[in-house]
Amino acid sequence: MKVGIPHFGFDTLALKGFIEELGAEVVLPPPTSKRTVEIGVKLAPELVCMPFKITLGNFAEALERGADTLLMAAGARKCRFGYYHFLQEQALRQIKQDFRLVPVSQYSASGFIFKLIPELFGVSPLRVMRAVCRLLVKSALTRDFRRLLNRKRAVDFAGAEQVKGPVMSLIDRARTISEMKRARREMVRLFGINGKRADIRIGLVGEIFYTVDQRANQEIEKELARLGAEVVFERCLYNHLRYLLHIDAGYRRSRRLARPYLAECPGGEAIRTVGEARQFVMQGVDGIVQVFPFTCMPENIALEALQRISEQSGVPLLYLSFDEHTSTTGLVTRLEAFVELLRRRKYARRVSGN
Ligand code: SF4
């Protein structure tokens, strides 16, 4: 079986490791590019959200590389995500017939471990459990890699870019828990941060695909780091898995913090977006950046709450909505202006002693 999966930022490494652990070959699509987006846009219904189009483009490119089985996360979230897999399969049939697209329901851990994955890969539930444990450890590693990368880039951009590739290969190669522990030690050594921090810290919130996937958000973390700002985040595969396993204290905290602004979940990750933004404000970040696809209804609702949080706390907010026409040049100009504003505000407050 040749399994194709869409990209999911640096966390793709952890998902790839999970499938390999189950004995299947992984066929990764090429890194998301202009071509990927063009394919997705051509095959998809016009008004569907961007994560649909990008992952559809990824699937088409994985099929070109020989994948015969495509795995797509599924499950209702009070938004369009619930029918992504169904429409994607129909769209892909326009270009290829001999493949299957398997929806991987996220919201039943027991169904996943005892039924879906054993039947699909022909393995025992015990082996699935071992693979899930390794997936958790590896996704914690990819999360910490991204944190260290953001921190290092903000103070030593060239140095961070130099070690990025070697550290990613280390993570990719680590299979067992002890190999992952060794990879972590080596990662920390290679990054060699020594307590240096950037003068500006920005909390990143928004729709999960756009917060996690660097190609989708046009490398927003990298661009902010180039301007000397460190991006902090909560949204990543590790926290999402813990949420699905009902062991994520962060989600409960987000719900509590979001409640005064959003009593009901309007779908997607709006609750998390609002809760995490409040948490970042309490942690003293200098600004908040929200990223989301242009037509994403839950994040547009969250935006109203974020605007109130920003007004009440005085912490500036930049919201960025993306579609297939978003230009990197325009994006970088907005990021430059935002970081400049944060820096001026910070120094003005320092001078006035507030
Ligand atoms: S959260 Fe937003 S972008 Fe994601 S599937 Fe739902 S509507 Fe689309």
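Me: What is the place of Gln218 in this chain, and between which helices is its loop?
Reply: In this predicted model, Gln218 sits in the loop between helix H9 (208-212) and helix H10 (220-226).

Me: Why is Gln218 called buried?
Reply: The relative accessible area of Gln218 is 18%, and the word buried applies under 20%, so Gln218 counts as buried. Its phi is near 55 degrees, a positive value in a residue other than glycine.

Me: What makes His246 count as exposed?
Reply: His246 also has a positive phi, of about 60 degrees, although it is not a glycine, and it is found in the loop between helix H11 (237-244) and helix H12 (249-258). The relative accessibility of His246 is 66%; exposed requires over 50%, and therefore His246 is classed as exposed.

Me: Why is the pair Glu21 and Arg130 called a salt bridge?
Reply: The closest N and O atoms of Glu21 and Arg130 are 3.0 Å apart, and the rule asks for a side-chain nitrogen of Lys or Arg within 4 Å of a carboxyl oxygen of Asp or Glu, so the pair meets it. By this rule the count comes to 28 salt bridges.

Me: What does the pair of Glu21 and Arg130 tie together?
Reply: Glu21 lies in helix H1 (residues 12-21) and Arg130 in helix H6, so the salt bridge ties together parts that are 109 residues apart in sequence. Glu21 has a relative accessibility of 5% and counts as buried, whereas Arg130, at 42%, counts as partly exposed, because partly exposed covers the values between 20% and 50%.

Me: What makes Lys34 and Glu38 a salt bridge, and how far apart are they, N to O?
Reply: Their side chains meet at 3.5 Å, N to O, which satisfies the 4 Å limit. Both residues lie in helix H2 (residues 34-43), four residues apart, about one turn of the helix. Lys34, with 66% relative accessibility, is exposed, and Glu38, with 45%, is partly exposed.

Me: Which parts does the pair of Glu230 and Arg197 tie together?
Reply: The side chains of Glu230 and Arg197 meet in a salt bridge at 3.0 Å, N to O. Glu230 lies in strand S6 and Arg197 in the loop between helix H8 (177-191) and S5, so parts that are 33 residues apart in sequence are tied together. Glu230 is buried at 3% relative accessibility, while Arg197 is partly exposed at 43%. Elsewhere, salt bridges that share partners join Arg235, Arg242, Asp248, Arg272 and Glu276 into one network.

Me: In what order do the four strands S6, S5, S7 and S8 form an open sheet?
Reply: The order is S6-S5-S7-S8, with parallel pairing. Strand S6 (229-233) and strand S8 (317-322) are called edge strands because two strands pair if there are at least two bridges between them, and each of these pairs on one side only. The twist averages 25 degrees from one strand to the next.

Me: How do you know that strand S7 (residues 287-293) and S8 are joined, and by how many bridges?
Reply: Six bridges join S7 to S8, and pairing needs at least two, so the two strands count as paired. The bridge partner of Gln290 in S8, for instance, is Tyr319.

Me: Across which strands does helix H15 (residues 328-352) lie?
Reply: H15 lies across S5, S6, S7 and S8, running at about 170 degrees to S8. Helix H6 lies across strand S5 (200-206) and S6, and runs at about 160 degrees to S6.

Me: Which two bridged strands, S1 (residues 2-4) and S3 (residues 69-74), run parallel or antiparallel, and how many bridges join them?
Reply: S1 and S3 run parallel and are joined by two bridges, and since at least two are required, they too count as paired. The bridge partner of Val3 in S3 is Thr69. These strands belong to an open sheet of four strands in the order S2-S1-S3-S4, with parallel pairing.

Me: Why is Met129 called partly exposed?
Reply: Met129 has a relative accessible area of 34%, which lies between the limits of 20% and 50%, so partly exposed is the class that applies. Met129 is found in helix H6 (residues 125-155), and together with Phe114 and Leu126 it forms a nonpolar patch on the surface, with about 330 Å² of accessible area together.

Terms used:
Residues are numbered from 1 along each chain as its sequence is written. This is a predicted model: local features need pLDDT of at least 70, side-chain atom pairs count only at pLDDT 80 or more; totals for chains, interfaces and linings use all residues. Side-chain values use heavy atoms; hydrogens and water are left out. Patches are made of residues with over 30% relative accessible area and no salt bridge: like charges are joined within 9 Å, nonpolar side chains (Val, Leu, Ile, Met, Phe, Trp, Tyr) within 5 Å. Accessible areas come from the Shrake-Rupley method with a 1.4 Å probe; for residues, only the protein chains shown count as cover. Buried means under 20% relative accessible area, exposed over 50%, partly exposed in between (1.4 Å probe, protein chains only). Axes are lines fitted to C-alpha atoms, for helices over the stretch in contact, and angles run from 0 to 180 degrees between N-to-C directions. Contact means heavy atoms within 4.5 Å.
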